[in-house]
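These entries record what I looked up in the structure, in the order in which I took the points.

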Amino acid sequence: MSQTDVKHSVREIEYVLWGVGGVLALVSIWYGVDFFVSVLVGVLVMVLNFALTKKSVMKVLSNESRAKNKMLFLYLLKIGISAILIYFAIFKLGISAIGLLLGLSSLFVAVILHTAKRVLF
């Protein structure tokens with residue numbers, strides 16, 4: 001798979017992620033505003049993580065030598081920030097952990113849908 005194909009696939013996954021996140025958020029409105037906010041926070045955390053990971057991976061794929069050294073640090077920093085955001089959201093804001101997990105799962109659903117599209121079509 002060429003670098004152009006990889007960029008195209010990553011862009012498609014990002015679009016599907018936004019779509020899945022939007023659908024999950026809209027459906028969650030039926031369960032109340034608190035659940036909607038929980039799902040929305042989970043989706044936004046996943047989108048932020050995906051965007052940061054995409055940026056790092058694209059730099060590594062472009063063979064920037066310094067990017068490889070920074071990638072591990074940025075990855076660990078990203079995980080730490082995500083953990084702090086999730087902790088703050090659950091324990092300080094009191095949002096639903098189930099809704100947050102549903103929002104966080106949006107990336108997995110997006111990847112599965114994108115893979116199924118590539119395999120079937």
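**Entry 1: the start of α4.** I began with Ser96, where a side-chain oxygen comes to within 3.3 Å of the backbone nitrogen of Ile98, at the start of α4. I note that this is a predicted model.

**Entry 2: confidence.** I then checked how far the prediction can be relied on by its own score. The mean pLDDT of the protein is 88, and 94% of its residues reach 70 or more. Helix α4 (residues 97-104) has the highest confidence, at a mean of 94. Confidence is lowest in helix α3 (residues 65-92), where the mean is 83.

**Entry 3: the faces of α4.** Which residues of α4 are buried? I found Gly99, Leu100, Gly103 and Leu104 to be buried. Viewed down the helix axis, the buried residues of α4 fall within an arc of 140°, so they line one face of the helix. Ile98 and Leu101 are exposed on the other side of α4. Ile98 is thus recorded twice in my notes, as exposed and as the residue whose backbone nitrogen the Ser96 side chain reaches.

**Entry 4: salt bridges.** How many salt bridges does a search of the whole structure find? The search returned two.

I took Lys117 and Glu12 as one pair; their closest N and O atoms are 3.4 Å apart. Lys117 belongs to helix α5 (residues 106-120) and Glu12 to helix α1 (residues 3-28), so this salt bridge ties together parts that are 105 residues apart in sequence. Lys117 is partly exposed, at a relative accessible area of 40%. Glu12, at 17% relative accessibility, counts as buried because the cut-off is under 20%.

The other pair is Lys54 with Glu14, whose side chains meet at 2.7 Å, N to O. Here Lys54 lies in helix α2 (residues 33-61) and Glu14 in helix α1, so the bridge ties together parts that are 40 residues apart in sequence. I recorded a relative accessible area of 28% for Lys54, which is partly exposed. Glu14 is buried, with a value of 16%.

As general background, side chains of opposite charge can pair when their charged atoms come close.

**Entry 5: His114.** Is His114 buried or exposed? His114 is buried, with a relative accessible area of 4%. This residue is found in helix α5. Leaving aside residues up to four places away in sequence, I listed its contacts as Ser9, Glu12 and Ile13. Glu12 therefore appears in my notes both as a contact of His114 and as the salt-bridge partner of Lys117, with α5 holding Lys117 and α1 holding Glu12.

Note on methods: Residues numbered from 1 in each chain as written. Predicted model: local features only at pLDDT ≥ 70, side-chain atom pairs only at ≥ 80, totals over all residues. Heavy atoms only, no water. Salt bridge = Lys/Arg side-chain N within 4 Å of Asp/Glu carboxyl O. Helix = DSSP H or I, 4+ residues; strand = E, 2+ residues; numbered from the N terminus. Buried < 20%, exposed > 50% of the residue type's maximum accessible area, 1.4 Å probe, protein only. pLDDT = per-residue confidence, 0-100. Arc of directions from axis to C-beta. Polar contact = N/O pair within 3.5 Å; in protein donor to acceptor, adjacent residues only side chain to side chain. Contact = heavy atoms within 4.5 Å.
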